[in-house]
Amino acid sequence: MVSQLVSSLGVVIAGVFFCALYYWLSDKLLQLALPVRDGDPRAASLALNRRAAVRPWLFLGPALLLLVVYLVYPVVATFILSFYDRSGTTFVGAANYVWAINDAQFRQSIFNNLMWLAVVPAACTFFGLVIAVMTDRIWWGNIAKSLIFMPMAISFVGASVIWKFIYEYRGGKEAQIGLLNAIVQFFGGDPQVWISMPFWNNFFLMAILIWIQTGFAMVILSAALRGIPEETVEAAVIDGANGWQIFWKIMVPQIWGTIAVVWTTITILVLKVFDIVLTMTNGQWDTMVLANLMFDWMFRGGGDSGRSAVIALVIMAAVTPIMIWNIRQANQQSGGH
Amino acid sequence: MAGVVLKDIRKSYGQVKVLHGIDLDVAEGEFVVFVGPSGCGKSTLLRMIAGLETITAGEMSIGGKVVNDVPPSRRGIAMVFQSYALYPHMTVYDNMAFGLRIAHESKSEIDRRVRAAGDILQLTPYLDRLPKALSGGQRQRVAIGRAICRDPEVFLFDEPLSNLDAALRVATRIEIAKLKEQMPQTTMIYVTHDQVEAMTLADRIVVLSAGRVEQVGRPLELYENPTNLFVARFIGSPSMNIIPATVAEPGDPTLISLSAGRSVRVPIATPSAKAGEAASFGVRPEDLVLAKGDDYLLEGTVSLVEALGEVTLLYVDGPVGAEPMIAKLPGIVDVKKNDTVRLSADPGKLHLFDAAGKAFPKKR
Ligand SMILES: Nc1ncnc2c1ncn2[C@@H]1O[C@H](COP(=O)(O)OP(=O)(O)OP(=O)(O)O)[C@@H](O)[C@H]1O
Ligand SMILES: [Mg+2]
């Protein structure tokens, strides 16, 4: 334990030292390459200007290199792989894309992903907003907020394990230990196998992500709501607006930018949803989503890097525009006002 | 149209008492200004009239109707906030139309009223802009326009000009005065820190201090006949010189002895006072003149001269070690620091207060 601590500390110190050394050395080299000689001030200022132009590239160089190796190269490689067969050796043209369009499970995954997209960001934002407004008015609001925020700290897999107990079904004469079935039985209903109930089981999985992400939406929106000038609300009260109108016509429009950022952030998360589906159903009973399908084709029975690459590209194509828009919005938020 | 009547209005936040029983009768069409030091409860009182704060005790009526439990929108009031409080996501037009839309007025009626308000306040070119694309003065005019559109019986203003620069403040003040002229039936209640605003706009001024009404009266009445030391000091700038004195001979007129053996006969009746009683003697800086000859009121050494051209302010170390007296003399005066000056004043302009700070009433 101690030796591990020491060695990791050593690595950190060495890392920082090498970074510093890199900056120092590269700057020295730059000075050697573009020397400033005494005497000719114009040449000197030219050299200084050139140095200033080169230095950012020098300093950013290592980071850019890593970015290329770990981001750009995989994208290009995936793109190329998508035109090759299962082992990545024979060029097959658009065959993998044709397969995807015709594959029932791929279509199912697209449909499921669209459902996730339609439900989860909307639900998280809506609940987050409602809870943020309501907890602002009650004395135990902060306690409630902490409780609602807590699931954020749980990993998706951990959360899924918790929810497995909620959806648990016991066959035969065994007593039901799942919370949901216990409630259903309490009200006189029959216990159900929630997880294998096609179509609806998608929503039971979504509930987990909503449970996790509502806290995030709530915290961000709560901060935004606090930023609304109290007087605008009072002016609306004098103008005769009721609580509902004040909420929708005065408060929500003023935090619209924040709502958009929260919404898109969760949207991106949803497009990449994987762990919950893997843990809960592994894509069975019509709950497959793109990320899990990709995983299956790459590492499970499929073993087909070409088809897997196609799915990966579809996910990326869906995420990228939303990501760009999200970053723009976030920049506007911090830049504007 | 409506007047506003406050009967023993009180306000406390938990244990903290903020207003201790305010009685006030504002007539229909009157322009009343609340002034007072920071934290005295002006905004609280105004917000209670608006209905934004609950009334802890007492009775408030607007237009003869008790409104203690009437929501703000049905009190027939409109309020202009210090921070404008415009809806940032709505255009100028929509800001002014919002209340009317909530009230389900017809489209044509909304349009008519908004454009009329825009005309009055010269906002017509800006109707399609968002508030953030307006200057401070324009924003304040939109806030006033929004209030006008509600066609209120009572207008409430909470320090509406304090976020504007000096020149704009004067211009907007004049606009508010004009607005009042155009709406003679509308009652206006206006909170300010600024004496000039209070003196120029008000039909009557209410001076508040620590949650109590000190005096209510016409601006010049407060200036000429303050009922106590607080009002005497608060109204007028620089504030009135207050000099400790004793009553030498009560009666009418009263003989007052100042320190350093000087005494002065003041034409104010003091039937209730006893000889030897402590009193305060007040004289406004602008009522002091340089004395000719031996007939003077006060003598002292000039510690500071502020020559503003239009007037000259002399800070004169008083007869006792108290605060320096200030004399405001018209024009340019040839007095230098450390000169000894003798000042006198028209006896009719002098003020006399008893030991508790209450004024002995002046003869009319
Ligand atoms: N919510 C509150 N809880 C407790 N005390 C309050 C509250 N709101 C205001 N007060 C107190 O009430 C008093 C009057 O406040 P108010 O805002 O009316 O003052 P004001 O005369 O408008 O002052 P200013 O000229 O600085 O605006 C202050 O002493 C303030 O501290
Ligand atoms: Mg105030």
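Trainee: What makes the largest nonpolar core a core, and which of its residues touch the most other members?

Mentor: In this predicted model, the term is reserved for buried nonpolar residues joined through side-chain atoms within 4.5 Å. The largest such set has 87 residues, and those touching the most other members are A:Trp116, A:Val120, B:Leu6, B:Phe34, B:Ile49, B:Leu156 and B:Ile189. Helix 8 of chain A, residues 200-226, gives the most to this core, with 13 residues. As a general background, nonpolar side chains tend to be buried together in soluble globular proteins.

Trainee: What does B:Leu6 touch, leaving aside residues up to four places away in sequence?

Mentor: With that exclusion, B:Leu6 is in contact with B:Ile22, B:Asp23, B:Leu24, B:Leu45, B:Ile49, B:Glu59 and B:Met60. Apart from the largest core lies another, of 43 residues, which includes B:Val80, B:Tyr84, B:Ile176 and B:Ile235.

Trainee: How do you know that strand 1 and strand 2 of chain B pair, and in which sense do they run?

Mentor: Pairing requires at least two bridges, and strand 1 (residues 4-13) of chain B shares eight bridges with strand 2 of chain B, in the antiparallel sense. One point of register is B:Val4, which stands opposite B:Val26 in strand 2 of chain B.

Trainee: Why are strand 2 and strand 5 of chain B called edge strands?

Mentor: The open sheet has four strands in the order 2-1-4-5 (chain B), with antiparallel pairing. Strand 2 (16-26) and strand 5 (65-66) of chain B each pair on one side only, and that is what makes them the edges. Helix 1 (residues 42-50) of chain B packs on the sheet, where it touches strand 1, strand 2 and strand 4 (57-62) of chain B, and its direction makes about 115° with that of strand 1 of chain B.

Trainee: Why is helix 1 of chain B described as largely enclosed by the rest of the structure?

Mentor: A residue counts as buried under 20% relative accessible area, and eight of the nine residues of helix 1 of chain B are buried, so the helix is largely enclosed by the rest of the structure. The buried residues are B:Lys42, B:Thr44, B:Leu45, B:Leu46, B:Arg47, B:Met48, B:Ile49 and B:Ala50. Helix 1 of chain B is followed by B:Gly51, whose phi is positive, near 95°.

Trainee: Why does B:Arg101 count as partly exposed?

Mentor: The class lies between the 20% and 50% cut-offs, and B:Arg101 has a relative accessibility of 41%, so it counts as partly exposed. B:Arg101 lies in helix 2 (residues 92-102) of chain B, and, not counting residues up to four places away in sequence, it touches B:Tyr93, B:Asp94 and B:Ile110.

Trainee: Why is B:Asp151 called exposed, and what is its phi?

Mentor: Exposed means over 50%; B:Asp151 has 52% relative accessibility and therefore counts as exposed. B:Asp151 is not a glycine, yet its phi is positive, about 50°. B:Asp151 is found in the loop between helix 4 (136-149) and strand 7 (154-158) of chain B. Most residues other than glycine have a negative phi.

Trainee: Why is B:Asn338 exposed, and where is it found?

Mentor: Against the cut-off of over 50%, the relative accessible area of B:Asn338 is 56%, so this residue is exposed. B:Asn338 is found in the loop between strand 18 (325-330) and strand 19 (340-345) of chain B, and its phi, near 75°, is a positive value in a residue other than glycine.

Trainee: What is the peptide bond from B:Ser237 to B:Pro238, cis or trans?

Mentor: With omega near -5°, that bond is cis. B:Pro238 is found in the loop between helix 8 (229-234) and strand 11 (241-249) of chain B.

Trainee: What makes the pair of B:Arg150 and A:Asp239 a salt bridge?

Mentor: The rule asks for a side-chain nitrogen of Lys or Arg within 4 Å of a carboxyl oxygen of Asp or Glu, and the closest N and O atoms of B:Arg150 and A:Asp239 are 3.8 Å apart. Across the interface of chain A and chain B the rule finds two salt bridges. The two chains bury about 1,500 Å² between them, 69% of it on carbon and sulfur atoms. A:Glu234, A:Ile238 and A:Asp239 supply 43% of the area that chain A buries against chain B, more than any other three residues.

Technical notes. Residues are numbered from 1 along each chain as its sequence is written. Chains are lettered from A and ligands numbered from 1 in the order in which they are written. This is a predicted model: local features need pLDDT of at least 70, side-chain atom pairs count only at pLDDT 80 or more; totals for chains, interfaces and linings use all residues. Side-chain values use heavy atoms; hydrogens and water are left out. Helices (H or I, at least four residues) and strands (E, at least two) are DSSP runs, numbered from the N terminus. Contact means heavy atoms within 4.5 Å. Axes are lines fitted to C-alpha atoms, for helices over the stretch in contact, and angles run from 0 to 180 degrees between N-to-C directions. Buried means under 20% relative accessible area, exposed over 50%, partly exposed in between (1.4 Å probe, protein chains only). Buried area is the accessible area (1.4 Å probe) that two parts lose on being put together, summed over both.
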